[in-house]
Amino acid sequence: MIVDRGDASWRGRVGVLTDLLDSCRFEPADTIAMVCGPEVMMRIAAHALANRGIAEDDIHLSMERNMKCAIGVCGHCQFGPSFVCKDGPVFALPRIAALLATREI
Ligand code: FES
């Protein structure tokens with residue numbers, strides 16, 4: 001367990017979630033990663049997982065957004081050329097890697 005900031009009673013680790021990846025043991029070829037959370041955290045986690053050797057096709061991110069129509073009509077959930085409501089919400093990293101690097105998309 002890790003927290004961004006701990007109070008005086010916290011005895012665990014302090015840092016960012018991706019710091020925990022360094023201590024995780026896994027066989028990259030046998031690993032599939034499912035990532036959810038704030039987009040900045042997912043972007044950093046996805047790159048950290050790829051750097052640990054997990055194939056980018058095996059890294060999946062949940063791009064949940066506020067939705068309105070849920071049938072790909074209103075554009076409320078548009079994420080680049082995709083609509084999260086009908087094309088996602090889970091995308092493999094290669095499909096959205098360029099979008100993750102784009103601010104405010
Ligand atoms: S919620 Fe309307 S297009 Fe996705």
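Here is a short dialogue on reading an aromatic pair and two pockets in a predicted model.

Q: How many aromatic pairs does a search of the whole structure find?

A: Just 1 aromatic pair turns up. Phe 79 and Phe 91 form it, with 6.4 Å centre to centre and 50° between the planes, a tilted arrangement.

Q: Which parts of the chain does the pair link?

A: Distant ones: Phe 79 sits in strand E5 (residues 78–79) and Phe 91 in strand E7 (residues 90–92), 12 residues apart.

Q: Is Phe 79 buried or exposed? And Phe 91, buried or exposed?

A: The cut-off for buried is under 20% relative accessible area. Phe 79 has 0%, so Phe 79 is buried. Phe 91 comes out at 1%, so that ring's residue is buried too.

Q: On to pockets. What lines the largest pocket?

A: Generally, rolling a probe the size of a water molecule over the atoms shows where empty space is left. Here, the largest pocket has a volume of about 210 Å³. Its lining includes Glu 39, Val 40, Arg 43, Leu 99 and Leu 100. Helices H1 (39–51) and H3 (93–100) each supply at least two lining residues, and H1 gives the largest share, 3 residues.

Q: How many residues of each class are in that lining of the largest pocket?

A: Count 5 nonpolar, 1 polar and 4 charged residues.

Q: What about the second largest pocket: which residues line it?

A: Among them are Leu 17, Leu 21, Met 34, Val 35, Met 41 and Leu 49. The second largest pocket's volume is about 160 Å³. Strand E3 (33–35) and H1 each put in at least two residues, with H1 providing the largest share, 3 residues. By class, the lining has 9 nonpolar, 1 polar and no charged residues.

Notes
Residues are numbered from 1 along each chain as its sequence is written. This is a predicted model: local features need pLDDT of at least 70, side-chain atom pairs count only at pLDDT 80 or more; totals for chains, interfaces and linings use all residues. Side-chain values use heavy atoms; hydrogens and water are left out. Rings of Phe, Tyr and Trp (its six-membered ring) pair if their centres lie within 6.5 Å; planes under 30 degrees apart count as stacked, over 60 as edge-to-face and the rest as tilted. Helices (H or I, at least four residues) and strands (E, at least two) are DSSP runs, numbered from the N terminus. Buried means under 20% relative accessible area, exposed over 50%, partly exposed in between (1.4 Å probe, protein chains only). On a 1 Å grid over the protein atoms alone, a cavity is a set of points where a 1.4 Å probe fits but cannot get out, and a pocket is an open set with protein on both sides within 12 Å along at least five of seven lines; lining residues have an atom within 4 Å of a point. Grid points are joined across faces, edges and corners, and a volume is the space filled by probe spheres set on the points. Ala, Val, Leu, Ile, Met, Phe, Trp, Tyr, Cys and Pro count as nonpolar, Asp, Glu, Lys and Arg as charged, and the others, Gly among them, as polar.
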